[in-house]
Amino acid sequence: MLAGPNAGVLLTSWSVDPGSVFEADEDIWNRLEDDLAQSDLSSAAACTPNYLEFLFAELADDLGAEVKFRSEGSYDLGALWSPTIDCCFRLLGLAGKSAAKIE
């Protein structure tokens, strides 16, 4: 079961190779803690990159990061990481300059 009653799920992409990329309405850190407490390292290791791909896709979109276009629409963490981090630092630099002008 992907989600139970009253649970929210956001399906962000789907591919035959990795399957669906989604973010369930749950706290990822609680899930990781539960997996590690039960010594289920494979489950903890599997959810971490999936969550990071979801997170960086959201950040790239929200920040307007310039991610190289892929016609199949599969953006893995490697494709998202650098453009998103670069965009974040560029925006922080612009914010710093703007704040300095106000003072």
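## Three helices, two loops and a pair of cysteines

Let's start with a single residue: serine 39 is exposed, with a relative accessible area of 59%. You'll find serine 39 in the loop between helix 1 and helix 2. Its backbone has a little twist to show you too, since the phi of serine 39 is positive, near 55 degrees, in a residue other than glycine. Keep in mind that this is a predicted model.

Now zoom out. The protein chain has three helices and two strands, and going along the sequence they come in the pattern β-β-α-α-α. Of the 103 residues in the protein chain, 21% are buried. If you take the contacts with a separation of 6 or more, 30% of them join residues 24 or more positions apart.

**Helix 1 meets helix 2**

Two packed helices are described by the angle between their axes and the distance between the axes. Here, helix 1 (residues 28-37) and helix 2 pack at about 160 degrees, and their axes are 8 Å apart. Angles over 145 degrees count as roughly antiparallel, so helix 1 is roughly antiparallel to helix 2. On the helix 1 side, the contact is made by Ile28, Arg31, Leu32, Asp35 and Leu36. Helix 2 answers with Leu41, Ser43, Ala44, Cys47, Thr48 and Tyr51. As for handedness, the crossing of helix 1 and helix 2 is left-handed.

**Helix 2 and helix 3**

Helix 2 has 23 residues and reaches 33 Å from its first C-alpha to its last, close to the 33 Å expected at 1.5 Å a residue. Its buried residues are Ser43, Ala44, Cys47, Tyr51, Glu53, Phe54, Phe56 and Ala60. Right after helix 2 comes glycine 64, which has a positive phi, near 75 degrees.

What about helix 3 (residues 77-102)? With 26 residues at 1.5 Å a residue, helix 3 should span 38 Å, and its end C-alpha atoms are 37 Å apart, which agrees. The buried residues of helix 3 are Leu77, Ala79, Leu80, Pro83, Thr84 and Cys87. Which helix do they pack against? The buried residues of helix 3 pack against helix 2 (41-63).

**A valine in the loop**

Between helix 2 and helix 3 there is a loop, and valine 67 has its place there. Leaving aside its neighbours within four places in sequence, valine 67 is in contact with Ala60, Tyr75, Ala79, Leu80 and Pro83. Take one of these partners, alanine 79: valine 67 and alanine 79 are twelve residues apart along the chain, and their C-alpha atoms are separated by 7.0 Å.

**Two cysteines, no bond**

Cysteine 87 and cysteine 88 might catch your eye, but a search of the whole structure finds zero disulfides. Why is cysteine 87 not bonded to cysteine 88? The closest cysteine sulfur to that of cysteine 87 is the one in cysteine 88, and at 7.4 Å it is too far for a bond. A disulfide needs the two sulfur atoms within 2.5 Å. The view from cysteine 88 matches: cysteine 88 is in no disulfide, and the nearest cysteine sulfur is that of cysteine 87, 7.4 Å away.

Here is how some of the residues discussed above score on accessibility:

| Residue | Relative accessible area | Class |
|---|---|---|
| Serine 39 | 59% | exposed |
| Valine 67 | 24% | partly exposed |
| Cysteine 87 | 5% | buried |
| Cysteine 88 | 31% | partly exposed |

Key: Residues are numbered from 1 along each chain as its sequence is written. This is a predicted model: local features need pLDDT of at least 70, side-chain atom pairs count only at pLDDT 80 or more; totals for chains, interfaces and linings use all residues. Side-chain values use heavy atoms; hydrogens and water are left out. Helices (H or I, at least four residues) and strands (E, at least two) are DSSP runs, numbered from the N terminus. The expected span of a helix is 1.5 Å times one less than its number of residues. Buried means under 20% relative accessible area, exposed over 50%, partly exposed in between (1.4 Å probe, protein chains only). Contact means heavy atoms within 4.5 Å. Axes are lines fitted to C-alpha atoms, for helices over the stretch in contact, and angles run from 0 to 180 degrees between N-to-C directions. Angles under 35 degrees count as roughly parallel, over 145 as roughly antiparallel, 65 to 115 as roughly perpendicular and the rest as oblique. A crossing is left-handed if the near helix is turned anticlockwise from the far one by less than a right angle, and right-handed if clockwise.
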